[in-house]
Amino acid sequence: MIQRFLRLIDWLNERVGKISGWLIIPLTVLVVYDVVLRYLFDRPTIWVFDINIQILGIIVILSGGYTLLHDGHVGVDALVIYLSPQKRAIIDLITSLFFFFSVGVVMLQAIDEAWFALQTKEVFTSTFAPPIYPFKIIMAVGIILLFLQGVAKFIRDLIKVASKDMKGSQS
């Protein structure tokens, strides 16, 4: 049951990370489009900047869980590189308290912001003024996925530490 839960979280973050990575193509196309219009035709757009901010934000926020899944976040490996996997897992369990507190606070705030933005149909404060509530909803989803991937990592570290303890107590 727990392994199915862990595989589901991994699968979700793997899919969301890979799919959101494809957003780099429309982001690049829009940047090129805006640069061409601005510098070759002296006709800047009023909307590309707002859309680019949202696309880049979506790429970044939806890649957090994917990056954690693939152990790609910045860490202080110099302190733990020579430790056994079990000792590293213990350190990760201890430091995960900081992860859960900080990401938990950000997650709750993002959910609150998304809900408020949805209720008020919030828009960007720009000339173009596109709706921002879809972006804020996606932001909350991305942070939830990061939090869930943290839960999966925590459970795996617990299993790793417990399996070492079980082996040690049997000898």
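**Exercise 1: a loop alanine**

Is A129 buried, exposed or partly exposed, and at what relative accessibility?

*Solution.* Before we start, a word on the model: it is predicted, local features need pLDDT of at least 70, side-chain atom pairs count only at pLDDT 80 or more, and totals for chains, interfaces and linings use all residues. Residues are numbered from 1 along each chain as its sequence is written, and side-chain values use heavy atoms, with hydrogens and water left out.

Step 1. Find the residue: A129 lies in the loop between helix 6 and helix 7. Helices here are DSSP runs (H or I, at least four residues), numbered from the N terminus.

Step 2. Recall the classes: buried means under 20% relative accessible area, exposed means over 50%, and partly exposed is in between (1.4 Å probe, protein chains only).

Step 3. A129 has 30% relative accessibility, so it counts as partly exposed.

Step 4. Look at the backbone too: phi of A129 is near 55°, a positive value in a residue other than glycine. Most residues other than glycine have a negative phi.

**Exercise 2: a lysine and a ring**

Over the face of which residue does K121 lie?

*Solution.* Step 1. K121 is placed in the loop between helix 6 and helix 7. With 46% relative accessibility, K121 counts as partly exposed.

Step 2. Use the rule: a charge sits over a ring if NZ of Lys or CZ of Arg is within 6 Å of the ring centre and within 35 degrees of the ring normal.

Step 3. K121 lies over the face of Y133, at 5.4 Å from the ring centre.

Step 4. Check the phi angle of K121: the value is near 50°, which is positive in a residue other than glycine.

Step 5. Now take T120, which is in helix 6. T120 is partly exposed, with a relative accessible area of 41%. The C-alpha atoms of T120 and Y133 are separated by 8.5 Å, and the two residues are 13 residues apart along the chain.

**Exercise 3: the aromatic rings**

How many aromatic pairs does the structure hold?

*Solution.* Step 1. Two rings of Phe, Tyr or Trp (its six-membered ring) pair if their centres lie within 6.5 Å; planes under 30 degrees apart count as stacked, over 60 as edge-to-face and the rest as tilted. The structure holds four aromatic pairs.

Step 2. One of them joins F99 and F100: the centres are 5.3 Å apart, the planes are at 75°, and the pair is edge-to-face.

Step 3. The rings of F100 and F154 have their centres 5.7 Å apart and their planes at 80°, so this pair is edge-to-face. The F100 and F154 pair links distant parts of the chain: F100 is in helix 6 (residues 85-120), F154 is in helix 7 (residues 133-170), and they are 54 residues apart.

Step 4. Put the picture together: ring pairs link F99, F100, F147 and F154 into a cluster. In this cluster, F99 is partly exposed at 22% relative accessibility, and F154 is partly exposed at 27%.

Step 5. G104 in helix 6 touches F99 and F147, not counting residues up to four places away in sequence. Contact means heavy atoms within 4.5 Å. G104 counts as buried, at 10% relative accessibility. G104 and F147 are 43 residues apart in sequence and 7.1 Å apart in space, C-alpha to C-alpha.

**Exercise 4: two packed helices**

At roughly what angle do the axes of helix 2 and helix 3 cross?

*Solution.* Step 1. Axes are lines fitted to C-alpha atoms, for helices over the stretch in contact, and angles run from 0 to 180 degrees between N-to-C directions.

Step 2. The axes of helix 2 (residues 24-40) and helix 3 come within 10 Å and cross at roughly 155°.

Step 3. Apply the classes: under 35 degrees is roughly parallel, over 145 is roughly antiparallel, 65 to 115 is roughly perpendicular, and the rest are oblique. Helix 2 and helix 3 are therefore roughly antiparallel to each other.

Step 4. Zoom in on N52, which is found in helix 3 (residues 48-62). N52 has 13% relative accessibility, so it counts as buried. Leaving aside neighbours within four places in sequence, N52 is in contact with L27, L30 and V31.

Step 5. Finish with R43, in the loop between helix 2 and helix 3. R43 counts as exposed, at 60% relative accessibility.
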